[in-house]
Amino acid sequence: MLRVHFTAEDLLNVTFASEPPPLVELSMALIAWQRVDEQAVFGRWRSRISRELPDRARPLLDLLRPDGDNLQFVEPAARSLEAGLAAVRDAGALLTAEQLHRTAARAPGRASWLRALWGQDREAWDQLDGAIRCAYEVVVAPRWGTG
C-alpha cells in the first residue's frame with residue numbers, strides 16, 4: 001500500500017482537473033474491460049465493448065493488461081486526444097529493452113509488433129496510433145463529456 005501524507009499547506013495547493021485525461025480514461029476503461037470481476041456492475045458494458053471494439057484496436061491490449069502493471073507511456077496525462085497521442089510518440093525513444101521483455105512476456109498478441117515498436121519502426125507506431133484512436137472512438141468518445 002502506498003500512503004501519501006499531506007500538510008495543511010499541501011492541501012491548500014491541490015487543484016483538480018475539470019475532466020480526466022482522455023488516454024488515462026481510455027487505459028482505465030480497457031483494463032476494466034479485460035477483467036472478469038464485478039459482472040453485476042460492468043457486465044453489460046463489457047458485452048457492448050466486446051461486440052464493438054474492432055480488431056484494429058486489439059494491439060493496444062498488449063500494452064494494457066488487466067492487472068494494471070502497465071507501462072505509463074500509453075496513458076499520458078495530456079488534456080486532449082491529439083496531445084496524448086503526441087506524448088505517446090515522444091515517449092517511444094525512452095522505452096528500454098527491459099520494458100519490452102516484461103511487456104512481451106505478458107502480452108496476449110504477437111511480440112513481433114512490440115519489438116518493432118521498440119525498434120522505432122514507423123509502421124508499428126502508426127499501428128499503435130490507429131489502435132488508440134480506434135479504441136478511443138468506441139470506448140470513450142460516445143460518453144465523453146456526458147458527465
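**Exercise 1. Which residues of H4 and H7 meet each other?**

Work out the geometry of this pair too, keeping in mind that the model is predicted.

*Solution.*
Step 1: Start with the contact list. On the H4 side you'll find Leu81, Glu82, Leu85, Val88 and Arg89. Their partners in H7 are Arg122, Trp125, Asp126, Leu128, Asp129, Ile132, Arg133 and Tyr136.

Step 2: Sort those residues by class. The contact of H4 with H7 splits into 7 nonpolar and 6 charged residues, with no polar ones.

Step 3: Look at the axes. H4 covers residues 81-91 and H7 covers residues 122-140; their axes come within 11 Å and cross at roughly 150°.

Step 4: Turn the angle into a label. Angles over 145 degrees count as roughly antiparallel, so H4 and H7 are roughly antiparallel to each other.

Step 5: Add the handedness. The crossing of H4 past H7 is right-handed.

**Exercise 2. Do the same for helices H5 and H6, beginning with the angle.**

*Solution.*
Step 1: H5 spans residues 97-106 and H6 spans residues 111-118. The two pack at an angle of about 160°, and their axes are 10 Å apart.

Step 2: That angle makes H5 roughly antiparallel to H6.

Step 3: As for handedness, H5 passes H6 in a right-handed crossing.

Step 4: Now list who touches whom. H5 brings Gln99, Leu100, Thr103 and Ala104, while H6 brings Ala111, Leu114, Arg115 and Trp118.

Step 5: By class, the contact of H5 with H6 has 5 nonpolar, 2 polar and 1 charged residue.

**Exercise 3. How many cavities of 30 Å³ or more does the structure hold, and which residues line the largest cavity?**

*Solution.*
Step 1: Rolling a probe the size of a water molecule over the atoms shows where empty space is left.

Step 2: Count what turns up: there is 1 cavity of 30 Å³ or more. The volume of the largest cavity is about 40 Å³.

Step 3: Read off the lining. It consists of Asp62, Leu63, Arg65, Asp69, Asn70, Leu71, Arg102, Thr103 and Arg106. Thr103 should ring a bell, since it also belongs to the H5 side of the contact with H6.

Step 4: Classify the lining: 5 residues are charged, 2 are polar and 2 are nonpolar.

**Exercise 4. How many helices and strands are there in the chain?**

*Solution.*
Step 1: The tally is 7 helices and 0 strands.

Step 2: Write the order out from the N terminus and you get α-α-α-α-α-α-α.

Step 3: For the overall extent, take the principal axes: the C-alpha atoms fill a box of roughly 50 × 35 × 30 Å.

How values were computed:
Residues are numbered from 1 along each chain as its sequence is written. This is a predicted model: local features need pLDDT of at least 70, side-chain atom pairs count only at pLDDT 80 or more; totals for chains, interfaces and linings use all residues. Side-chain values use heavy atoms; hydrogens and water are left out. On a 1 Å grid over the protein atoms alone, a cavity is a set of points where a 1.4 Å probe fits but cannot get out, and a pocket is an open set with protein on both sides within 12 Å along at least five of seven lines; lining residues have an atom within 4 Å of a point. Grid points are joined across faces, edges and corners, and a volume is the space filled by probe spheres set on the points. Axes are lines fitted to C-alpha atoms, for helices over the stretch in contact, and angles run from 0 to 180 degrees between N-to-C directions. Helices (H or I, at least four residues) and strands (E, at least two) are DSSP runs, numbered from the N terminus. Angles under 35 degrees count as roughly parallel, over 145 as roughly antiparallel, 65 to 115 as roughly perpendicular and the rest as oblique. A crossing is left-handed if the near helix is turned anticlockwise from the far one by less than a right angle, and right-handed if clockwise. Contact means heavy atoms within 4.5 Å. Ala, Val, Leu, Ile, Met, Phe, Trp, Tyr, Cys and Pro count as nonpolar, Asp, Glu, Lys and Arg as charged, and the others, Gly among them, as polar.
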